[in-house]
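Visitor: Let's take a close look at just one part of this one, please. I'd like to hear what sits where, what is covered, and what touches what.

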Amino acid sequence: MTAPHARHRRAVAIPAGMAMATALAFLPNTAATAADRAPAAVSADATPLSYVVNVKPGHGTSGSVKKAVGRAGGTIVTSYDQIGVIVVHSSNPGFAQTVRKVRGVQSAGATRTAPLPSAATTDLGAPKVLSAAEVANAGAAAGQDPLESLQWDLPAIKADKAHEKSLGSEKVTVGVIDTGVDDTHPDIAPNFDRKASVNCVSGKPDTADGAWRPAASESPHGTHVAGEIAAAKNGVGMTGVAPGVKVSGIKVSNPDGFFYTEAVVCGFIWAAEHGVDVTNNSYYTDPWYFNCKDDPDQKALVEAVTRASRYAEKKGAVNVAAAGNENYDLASDEITDPSSPNDTTPGDRVVDPSKCLDIPTQLPGVVTVAATGAKGIKSSFSNHGLGVVDIAAPGGDSTAYQKPEPPATSGLILGTLPGGQWGYMAGTSMASPHVAGVAALIKSTHPSASPALVKALLYAEADATPCTDPYDIDADGKVDAVCEGSKNRNGFYGRGIADALDAVTE
């Protein structure tokens, strides 16, 4: 089975070879391949690159380092002294190599391979948007929101039963670190946390009103994720996993759809400093799918995001991340990565995923989420790996493989879309917010629980799910992925499927 290669977001288009022709109408939002963009040369007079410079945290940036950055041709954009990460722009192609030699600099690297601003891209396909007639005709049972009957994913994690006991606490906020959130949506507005929202695209917080929203030409991904987590139970549209908690928009994706390191670092620090209890991270940090520590640039990116995510957890946030959509075994000895760097010209490279990390997905302390379909089996596209995947949740799949029970009609996941719409998407991007929502319910039930305790409860309360063996999702007689491990912990489902009901009762 050929796996799709999603570039920037962890929503996935079900490829033609894996789905019936009719399923092509359900293509989620994806970005153009890097091959569609011309590579740009970098010279001393080029538009600058962006860098992170990592120094000892906690003492502010020393004057000598600041002067050295200037002498090397760099301009400091901002400095996160609490974790020792400095964001710098420079047109000097030798900037990183020069500044690494400066006393007090622990690592430094370019956050991209294309000059600022990055080359433009276009989206291929779009979410399957519900028409006005589909919205009007959706039947709802008593006590349900109008579109809830289409959400097979809620009973799959017992969220419908959980809502009879608790919708979650308004004192809990989930930060959606993503492409931006449309807080004017009628399903999001009641639960939106303005004070915890920001635009971090430049690497420096922008708190202008509405800065966290996606522009009309930008991806609806973050808005979809936000609705999955906390769409209000208000008689309108759909219902989130935790419809009583707050949700904030932390925009880290630039207009071209890239999630660069400086923006991701800013997002985690913002969450840490603004009372966010859970962060959802349905992306990988561009331009490298896997960041290899033996490369000085990539090593610096791993260090910067690691510091930021750990700081957020230290300040009280549980960080949840999507496992990815390539059907990779992240516990294997080697993986061929054909998509890096994705902002210029990618090329095949063989990496060891234990040494070359998908960030933030594979970072210490991060809850890594695999996707399941409507039949509760690993989604055809979902990455997996014993010891890497922590837990699983609904992320959708083609109806050719996993068809939901009526009245649900789509095997994908319903979510909110900008402009007051609703639509379907699929991917581990959609699985991660289900777990973020369950974590928010746990935090609501146990308000004084530390991130470590929330994670422990999340795993203990998950429904243990044995390996699917053999795994032949397209029924062609060939094994499409191998699951290793026991019922209580394996490479497909981690500790099991997230359980929202236990989150509000135990």
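Guide: First, a word on naming: helices (H or I, at least four residues) and strands (E, at least two) are DSSP runs, numbered from the N terminus. What you have here is a predicted model, where local features need pLDDT of at least 70 and side-chain atom pairs count only at pLDDT 80 or more, while totals for chains, interfaces and linings use all residues. Residues are numbered from 1 along each chain as its sequence is written, and side-chain values use heavy atoms, with hydrogens and water left out.

Let's settle on the annotated site. The unreviewed UniProt entry lists Asp178, His221 and Ser429 under "active site". They are spread over 252 residues of sequence yet cluster in space, with a largest C-alpha distance of 10.1 Å. One caution about such records: positions are given in the numbering used here, feature names are shortened, and annotations may be inferred rather than shown by experiment.

Start with Asp178, which belongs to strand β8 (residues 173-178). Its relative accessible area is 0%, so Asp178 is buried; that label means under 20%, with exposed being over 50% and partly exposed in between (1.4 Å probe, protein chains only). Leaving aside residues up to four places away in sequence, Asp178 touches His221, Gly222, Val225, Ile250, Lys251, Val252, Ser253, Phe259 and Ser282, where a contact means heavy atoms within 4.5 Å. Notice that His221, another of the listed positions, is among those neighbours. Right beside His221 in the numbering, Gly222 has its backbone nitrogen 3.4 Å from a polar atom of the Asp178 side chain.

His221 itself is in helix α6 (residues 221-230). Because its relative accessibility is 0%, His221 counts as buried too. The rest of α6 follows suit: 10 of its 10 residues are buried, among them His224, Val225 and Glu228. And what covers the helix? The buried residues of α6 pack against β8, β10 (246-251), β11 (278-281), β19 (413-417), β20 (421-425) and α9 (428-445).

Take β11 as the way onward. It runs parallel to β13, joined to it by 4 bridges; strands pair if DSSP finds at least two bridges between them. Opposite Ala321 of β13 stands Asn281. On to β17 (residues 367-372), also parallel to β13, with 3 bridges between the two; there the bridge partner of Ala321 is Thr368.

As for β13 (residues 318-322), 5 of its 5 residues are buried, so the strand is largely enclosed by the rest of the structure. In a regular strand the side chains alternate between the two faces of the sheet. Here Val318, Val320 and Ala322 point one way and Asn319 and Ala321 the other, and all are buried. Part of the cover comes from helix α10 (residues 451-461), whose buried residues pack against β13 and β17, among other elements including α9. Those buried α10 residues are Pro451, Val454, Lys455, Leu457, Leu458, Tyr459 and Glu461.

One last stop, off to Glu148, in the loop between α3 (132-137) and α4 (153-156). Glu148 has 7% relative accessibility, so it counts as buried. Its side chain makes polar contacts with the side chains of Lys233 (3.0 Å) and Thr239 (3.2 Å). Such a contact is a pair of N or O atoms within 3.5 Å; within protein, one must be able to donate a hydrogen and the other to accept it, and residues adjacent in sequence count only if both atoms are side-chain atoms.
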